[in-house]
Amino acid sequence: MTADIDFTAFFDATPSPYLVLDADLVIRYVNPACLRTIGRTEEGLIGRHFFDVLPDSRGVRDDVEQSLKVSLHRLLRTGKPETVVLQRYDLPVPDRPGAFEERWWSVIHTPICGPDSSVKWIIQQVADVTAFVHSSRARPLGEEPTERAQGMVAEPYARARELHRLNQELRRAHAREQRVAVTLQEAMLSVPDLDRHTNIAVRYLPATTSLNVCGDWYDVVDLPPDRYAVAVGDVVGHGLHAAAVMGMLRSALSAVIRAIPSPAQALEILGLYARSVDGAMAATAVKVLIDTRGRLIIYSSAGHPPPVLLHSDGTCEQLDQATDPPLGAREYHVPRPQAGLPYIPGDTLVLYTDGLIERHDEDIDAGLERLTTALAQDPTLPPDLLADALLARLDVAGGAPDDIALVIIRL
């Protein structure tokens, strides 16, 4: 049973200083302990921007303010807690104009997210560690601190500052790696023929736990005069190796489909190739050939979740009549199945990877049902709007534990 707790009363009673900011960094609550610590009144803080009410502090305000701004803005961007280690921020001495008292602080920022996963509130916990910095426990009473004693007191904080510096460097290095990774992924997913198809929308979302480089992919190949092929695939794993395997499989299938337009035969050849590529044995793919003159969809799947044909009346058909094991799964070559079905202009074909529908705690059929229900809500939306709406309705617009590739085609 959940405890019935009055959290305002809790924060009012705690001896630790706390304040609460909204996403615009406006102060919405400050507890009595915080007011006592900084010597301010509630009326002077509530409803004001946090950085507008920081008191003057001789010579250190700008540096501390910058550290806090970096921490808070990173929290708003990532939704993860932040710690601002040992900061000196002197406070004015009451009744002594121009006088300041040396104070040292440790600050922890904790986010509270709303239903849409964006940060709604920020809890700031402030700890006054001045007494520890000035600790006299390292020397006998009345004796001046020795150099060794001063070093013992300063060492934990020096290490904390060094760890903070190293963390900042790691964050910058990680950001650089992410930029390189995104550039690599964009280059590998480049689809020149897609520019000629205003009826197709594509989305790629990397796994939230990865470096923006994953194994999901999509491709569009024009086959003049009146056909084009679309593929979606998934290589197991994340990271550079998965992306490299993805690039090889995608390029191979793109080349094969130009020479052999049959989806089944193209996947047969790709399966043979996959057996020679380390890391490709469990990869999945689905290939679809769209004949615009005959208004026919021809498809074949290698262990991949079935595409969905959405009709303008909101009904859906799964393309699940030509499904075979993943690429490279068979020891010997076996022809792959192929099926076809007609479409009506205005229908919408949806191809995707399993990250869109799979959840660790449910059967895949539940994910497929959730997908078709979401599609049926607005079957006539333009492809770009439908793609965004679908990601939002399936609660993966901000990413998911697995990467996602999505292709929506208005036929």
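This passage describes two helix pairs, a serine in a loop and the confidence of a predicted model.

In this predicted model, local features need a pLDDT of at least 70 and side-chain atom pairs count only at pLDDT 80 or more, whereas totals for chains, interfaces and linings use all residues. Residues are numbered from 1 along each chain as its sequence is written, and side-chain values use heavy atoms, with hydrogens and water left out. The protein chain has an average pLDDT (the predictor's confidence in each residue, from 0 to 100) of 82, and 82% of the residues score at least 70. Over residues 136-154 the pLDDT is below 50, and this stretch has 9 contacts (heavy atoms within 4.5 Å) in the model beyond near neighbours in sequence.

Helices (H or I, at least four residues) and strands (E, at least two) are DSSP runs, numbered from the N terminus. Two packed helices are described by the angle between their axes and the distance between the axes. Axes are lines fitted to C-alpha atoms, for helices over the stretch in contact, and angles run from 0 to 180 degrees between N-to-C directions.

The axes of H6 and H7 cross at roughly 145° and come within 9 Å. The crossing of H6 past H7 is right-handed (the near helix is turned clockwise from the far one by less than a right angle). From H6, Met248, Leu249, Ala252, Leu253, Val256 and Ile257 meet Ala266, Leu267, Ile269, Leu270, Tyr273 and Ala274 of H7. This contact comprises 12 nonpolar residues (Ala, Val, Leu, Ile, Met, Phe, Trp, Tyr, Cys and Pro), with no polar and no charged ones (Asp, Glu, Lys and Arg count as charged, and the others, Gly among them, as polar).

Serine 262 lies in the loop between H6 (240-259) and H7 (263-274). Serine 262 is buried (under 20% relative accessible area, 1.4 Å probe, protein chains only), its relative accessible area being 18%. Apart from neighbours within four places in sequence, serine 262 contacts Ile257 and Gln338.

Helices H8 (residues 364-376) and H9 (residues 383-393) have axes that come within 10 Å and cross at roughly 135°. H8 is therefore oblique to H9, oblique being the class left after angles under 35 degrees (roughly parallel), over 145 (roughly antiparallel) and 65 to 115 (roughly perpendicular). H8 passes H9 in a right-handed crossing. Leu371, Ala374 and Leu375 of H8 meet Leu386, Leu390 and Arg393 of H9; by class, 5 residues are nonpolar, none polar and 1 charged.

Buried residues in H9 are Pro383, Leu386, Ala387, Ala389, Leu390 and Leu391. Their cover includes H8 and strands S8 (200-205), S13 (308-310), S17 (348-352) and S18 (404-410). Just after H9, aspartate 395 takes a positive phi of about 60°.

Notes: Buried < 20%, exposed > 50% of the residue type's maximum accessible area, 1.4 Å probe, protein only.
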